[in-house]
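Here is a short briefing on one protein model. It covers confidence, strand pairing, a loop residue and a helix.

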Amino acid sequence: MIKTEKILHLKSSRGRKVRVVREHYLREQVPCYSSLCQADCANASGKVLSGEATHYVVPDVGVAADYLEILEFRELQGVVFTQTACQSVQHSKGRRQYNRLRSLLKDPRHDCVLFANEFQEYSYCPREKGESQDKWQTRCVYYAAVWYHDHLAGMKPVVMITEDQAAVAQYSSLNSGVYVISIQDYLQNFWPELQAAHELYGSISQALQEKESESTEREYAEHLPAEVLEAGIKSGRYIQGTLNVNRHRAQYEAFIRMEGSTNKNTALNSDVLVCGSKNRNRAVHGDVVVVELLPKSEWRGKITALTEGQAEEKTGEDPQSQPMPTGRVVGILQRNWRDYVVTFPPREETQSQSRNSQRILVMPWDQRIPKIRISTQQADALQDHRVVVRLDSWESTSLYPNGHSVRVLGRAGELETEVQTILIENCIHVPPFSEAQLREMPVNSPEKPWRVDPGQAAVRRDLRNSHLVFSIDPRGCEDVDDTLSVRSLPGGEVLELGVHIADVTHFVTEGSLTDLEARARSTTYYLADRRYDMLPAVLSADLCSLLGGVDRYAMSVLWELDARTLAVNKVWYGRTLIRSSYQLHYELAQALLNGEEAEVPELAQLGAEEKDAKLAQLTQALETLTHIARHLRAQRDRGGALELEGVEVRAQLDEERNITALVPRQPLEVHETVAECMIYANHWVARKIQESFPQQALLRHHPPPRQEFFCQLVDSAKARGFSIDTRSNKALADSLDRAVDPQDPLVNRLLRVMATQAMSNALYFSTGACAQDQYYHYGLALDRYTHFTSPIRRYADMVVHRLLTAAINLEKGAGPSKALASNKDLEEMAQHINNKNRAAQQAQRLSTELFQCLYFKEKDPQTDQRCVADAVIYAIRANGVLVFVPQYGLKGAVYMRNREGQVLNVGQDGSCEWQSGSIQRYLDHISTSCSSGTSTFSLFDHITVRISVQPSRCHSDGLHLDVISNKPHQSAEPRPPQQQGRCQLVQEVVRLAEEASQQAQEKAARGPKLSREEREFRQSKSPNLYSLLEEVRELALMDLSSCGGSGLGMAAQVCATSA
């Protein structure tokens, strides 16, 4: 080891230049991380470059900093990042870009490594006197490339890529086998068919060339230095939080969601309002920002009026709520920029924006994002197309952020383009599973059928002959990830209840490529017409599916219960070997419980006597299971478990496994029976792993909602004569049970919707990151809870399975086979899974809204009776009301004042028309007054609305609701929601989608063919029924804060949901 010195020129916190001399140690043995190494380097500690690459490529500092997106293409193999380049990215590009580079280096799916060239004795280059930093860094990278070539004895050519033409001229001919070329030449010569990389290079290059702002006039205040922000946060002068832009008033209204751990201003108990783009100071939705409160005299309130379009905002005239803390952004701690989908403006707008038509302002699909300025030569060709862009910078001298295009999705309005838009806007990346991942999968084919491993049979508890195991799922379900068993033990004093879950982690090794992909996805994504699986189909639909009559591996929980009191005497956890005897669907199981005649397929071939005996045995098991589930539910009810409003659906499939309709599921007791058993298993597994690993167990908690969120619920119930107590979950549950209007069952339903809206989301967390009193699950009334029962579609369940296995081994005296994740790592994973679950719910909601618009788009609202429906008012706003349309399960805004200032007047026959007049809002009703009289619309009134589609060129289409009568549609008598209309809606949507798909195929046959990505983007078109239902359960409720938004209302009951 050789000791030397390294001189650094840094800036102090006050901006002064400081010369720092540090000790620097050089070694002869530094890992090269190449599989071709013949020098016995210590490469076992990290990722190793594949020997299949035709060459190794070494990017210089500039390429690593500016063109990292190109180096992220998985097609590029053998990439060697030098320590010099990585440190330069850290210092010049900031933490976000540096973390992105670190993630790339850690990801085993990318063939790239980090070479510590500045610690290698023979590749280190001391900086020469008078040498600029750029020249020195380029020289360091070049000599690292030379060392790499010589170290591998010339077995691989090494290509250094740079955008510095002087470096190309200086170094390109110094050493044979080491080539120095530009990144453009590299792509043209080595990757001519990688068109996406070529297009991305052109986009980034053009953005870099025009990075200098045309204006020198400052449009925004400069952000404060980081050290000033940190000191201000610590002292309480500034507040740290995440910027949340109001999508309906994106130009004017945003809020700072404060982070409790950093907020020292104890007087604040609400979010901070930020009014206008100037006060937002270049912060983008999702950024972590620092705000300074304005004087109280400048505080404003939230605008309470409904907004049809941002163009009509008149902030000075809009009614406001009570003033709330208001501030301005003074700094940005973390940019959370992502990929954005944008639409190019019409040709006449592009011509007016810039003389040379190179710099274009594009409109993001997400209304909360400001317009983005990009440089492109294809403005005309991309008219009416959706394009993915990334932000590069937002200088204080520019009104808009600068960005560059990444790829073209397709023409706006086409189904596949809109679906991909939804995925990208929610950061969902679901490419087809790679060949390397599929090679890790077990084989199960007619030629080579899968069989139970004798070694596994020896170490697992064999339940195949001792237990009656069965599953209860939706009709037609194929991927069964849970089964049940119940039996009376000898003596009859003890019952044994069993929950058996697919042992996914046996097939998916921790740290494998399949595991990494599952972790990245975190969940299976369900859209209206398709699903994207978390795991390959050989597992999700075959070997991990607990199908009837086949041997399968399982993770089981077995309880011994007192037969009289159902108290738990003993619990056993472990890996088992099971064979499910019956694969029941819900309706069949309920029929057996009801004593009705029902045909069980597994018994069809048996003789009458044996059939009757087995049927009696199965029925007895179902009855016992139901008895236990009732007891479990009663226990949770006594603790305050909530039953909130949700609309659950089941899918009807045709012979080709395509969805033909979504039909609201009829509530059956057996649904609750299965749900209670799953909740019970999740609860007991949570107890086990938390007791075994108090600081590093993955649990799921549901924090109590903030009391101010219940205001709408309390006020609405009061207007109807009901009192709602929100002091605890038990009090809330009892209040909702009493708030029943026998004349209109929709009243209780809507009150439960409001209660659901007030709820916070259930979240995963690491036990070491929270105090034990925060483990509580508010909705389920359980002290500890986790997810264990669906590992096929949730990565959290896979983590819990591994923790349970480690806990079992610990109990046996054996240590874990692999070190458990630390509390810090587990908490990061929990946050990642929470984010992905949130994205999955949002994508599902947006997909539903897309198909709703498809359903109504081709219908004439003036003549088609399917566009007219009954609606119930559930909220009052300053210029309108929010309504629920039970026939289609959608919610939306109805305006009582139009853009011309006219108000809605009701005639004697109930018909409505626009007239000049005034409007007045009250707590429980809204009144309009004009020359012909006063009209009143009250909470829970039934009115008739007309549904039409409000098209948008740059954003998603939306549904528009108009009042046509203040009377209920078709009947003055309140009635439960019609189910047939809902079924017709989805059937019609599916038909339209199929027609659109067929037209697209015909068009593709005539025109240019789709890209590989467009053809392979969809992994699975037919959702699995059980997974669909369980995913619907997970939704606490659609985002009701979006006044104009609508959804099929596929919310879930929190008790089985956000569970």
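Two strands pair if DSSP finds at least two bridges between them. Strands (E, at least two residues) and helices (H or I, at least four) are DSSP runs, numbered from the N terminus. By these terms, strands 36, 37 and 38 form an open antiparallel sheet in the order 36-37-38.

This is a predicted model: local features need pLDDT of at least 70, side-chain atom pairs count only at pLDDT 80 or more, and totals for chains, interfaces and linings use all residues. Residues are numbered from 1 along each chain as its sequence is written, and side-chain values use heavy atoms, with hydrogens and water left out.

**Confidence**
- pLDDT is the predictor's confidence in each residue, from 0 to 100.
- The protein chain has a mean pLDDT of 83, and 84% of its residues reach 70 or more.
- Residues 647-654 stay under 50, and the model gives them 42 contacts (heavy atoms within 4.5 Å) beyond four places in sequence.
- Residues 1003-1058 are also below 50 in pLDDT, with 189 contacts beyond near neighbours in sequence.

**The 36-37-38 sheet**
- Strand 36 (917-921) and strand 38 (933-938) are the edges: each has a single partner strand, so one side of each lacks a neighbour in the sheet.
- From one strand to the next, the twist averages 15° (axes are lines fitted to C-alpha atoms, for helices over the stretch in contact; angles run from 0 to 180 degrees between N-to-C directions).
- Five bridges join strand 36 to strand 37 (residues 925-930) in the antiparallel sense.
- Gln-920 faces Ser-927 of strand 37 across the pairing.

**Strand 8 and its partners**
- Seven of the eight residues of strand 8 (residues 238-245) are buried (under 20% relative accessible area, with exposed over 50% and partly exposed in between; 1.4 Å probe, protein chains only).
- Strand 11 (residues 288-293) pairs with strand 8 over five antiparallel bridges.
- Tyr-238 has Glu-292 of strand 11 as its bridge partner.
- Strand 9 (residues 253-258) also runs antiparallel to strand 8, joined by five bridges.
- Here Asn-244 stands opposite Phe-255.

**A loop aspartate**
- Asp-479 sits in the loop between strand 19 (469-473) and strand 20 (482-488).
- Its relative accessible area is 6%, so Asp-479 is buried.
- Leu-546 is 67 residues away in sequence, yet its C-alpha is 7.2 Å from that of Asp-479.

**Helix 19**
- Helix 19 (residues 669-692) has 24 residues, 20 of them buried.
- Its first and last C-alpha are 35 Å apart, close to the expected 34 Å (1.5 Å times one less than its number of residues).
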